[in-house]
Amino acid sequence: MAAALAQGERGRGRTAPNPNVGCVIVQGECVVGRGWTQPGGRPHAEAMALAQAGEKSRGATVYTTLEPCAHVSTRGPACSDGLVAAGVARVVIALGDPDARTDGAGIARLRAAGIAVDVGTGATEARRSMAGFLTRKGLGRPFVTLKLALSLDGAVAMADGSSKWITGAAARAHAHVERARHEAILVGRATLEADAPRLDVRLAGLKARSPRRVVLSSRDLGVAEGWTRIAEPKGIATLDGVDHVLVEGGASAAAAFLRDDLVDRLLIYRAPILVGAGRTLGDIGLAHLADAHGRWQLHDARRLGSDRLDVYERVRS
């Protein structure tokens, strides 16, 4: 299942509105097929893996991060039908599919054909991997990651607003990888006007994965070609084909998303510098200090050159 999850990560930020599923087919002790959902959502991961495995899929065990679909589309057949036709013996599934067109029907179809089905292996990791799809299905909006580059004393910029560069080259390269894993990247109007950011992916081999550019602005002053404007944070729900949004700047935009409790994941890049009288996030709608506790859980921490990255996830019921 870990291998299937790794396959699914290859499609993250490229498959919306479909989930970034990964699939591995095993015959005996050998992997005979691998697949992940392709850009635009088709072919599905199971179809890719079955095509690679060919006849070796007969009697094999399939590991897939999401319940195989049960609906026939104009873009492709149902994956549950494909698995039945291939004659697989067992299917191990991390998560059931919340899409009403499948939602248990895929599992039922497999079991009706005499295929053994196990559900739940790697479920926690699968929820994290497909958080964009699941958030869109559950909350009607994309999954939001907020990126903050901070000094040791919590500044996001100098007093005059300049912030190039707080962090070093390794941290900036990691941030470009994160850009490649999102369908959209967002900044506030002030950041757009002050910095004219490109917001593209400038890493070899990933330049084609630059996300859609969005500006948060309550004023309809028009935006340059290639940009989309939303008037308020909840406007992300209207972005078609977007399941992952990266909020990258500046302080006002970050505070607005935190104030509306729309941030699901925090990327905090902290540099070993002191700024002093710099700019901070400002008001995020916190009335009492006690309300700040228990909202964020550390998921990952690592060194990036001289900088440190801490990844936090929002704790939700």
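1. Overall size. For 317 residues, a compact globule would have a radius of gyration near 20 Å, and the protein chain agrees with this at 21 Å (taken over C-alpha atoms; the globule rule is 2.2 Å times the number of residues to the power 0.38). The C-alpha trace spans about 65 × 45 × 40 Å along its principal axes.

2. Basis. This is a predicted model, in which local features need pLDDT of at least 70 and side-chain atom pairs count only at pLDDT 80 or more, while totals for chains, interfaces and linings use all residues. Residues are numbered from 1 along each chain as its sequence is written, and side-chain values use heavy atoms, with hydrogens and water left out.

3. Secondary structure and burial. The protein chain has nine helices and 13 strands (DSSP runs, H or I of at least four residues and E of at least two, numbered from the N terminus). Buried residues (under 20% relative accessible area, 1.4 Å probe, protein chains only) make up 47% of the 317 residues.

4. Main core. The largest nonpolar core (buried Ala, Val, Leu, Ile, Met, Phe, Trp, Tyr and Cys residues joined through side-chain atoms within 4.5 Å) has 32 residues, and Ile25, Val62, Leu83, Val88 and Val91 are those with the most contacts inside it. Elements that each supply at least two residues include strand E1 (22-27), strand E3 (61-66) and helix H3 (79-86). Strand E4 gives the largest share of this core, five residues.

5. Val62 and the other core. Beyond its neighbours within four places in sequence, Val62 is in contact (heavy atoms within 4.5 Å) with residues including Cys23, Ile25, Leu83 and Val92. Another core, of 25 residues, lies apart from the largest one and has Val214, Leu239, Ala253 and Leu262 among its members.

Note on methods:
Buried means under 20% relative accessible area, exposed over 50%, partly exposed in between (1.4 Å probe, protein chains only).
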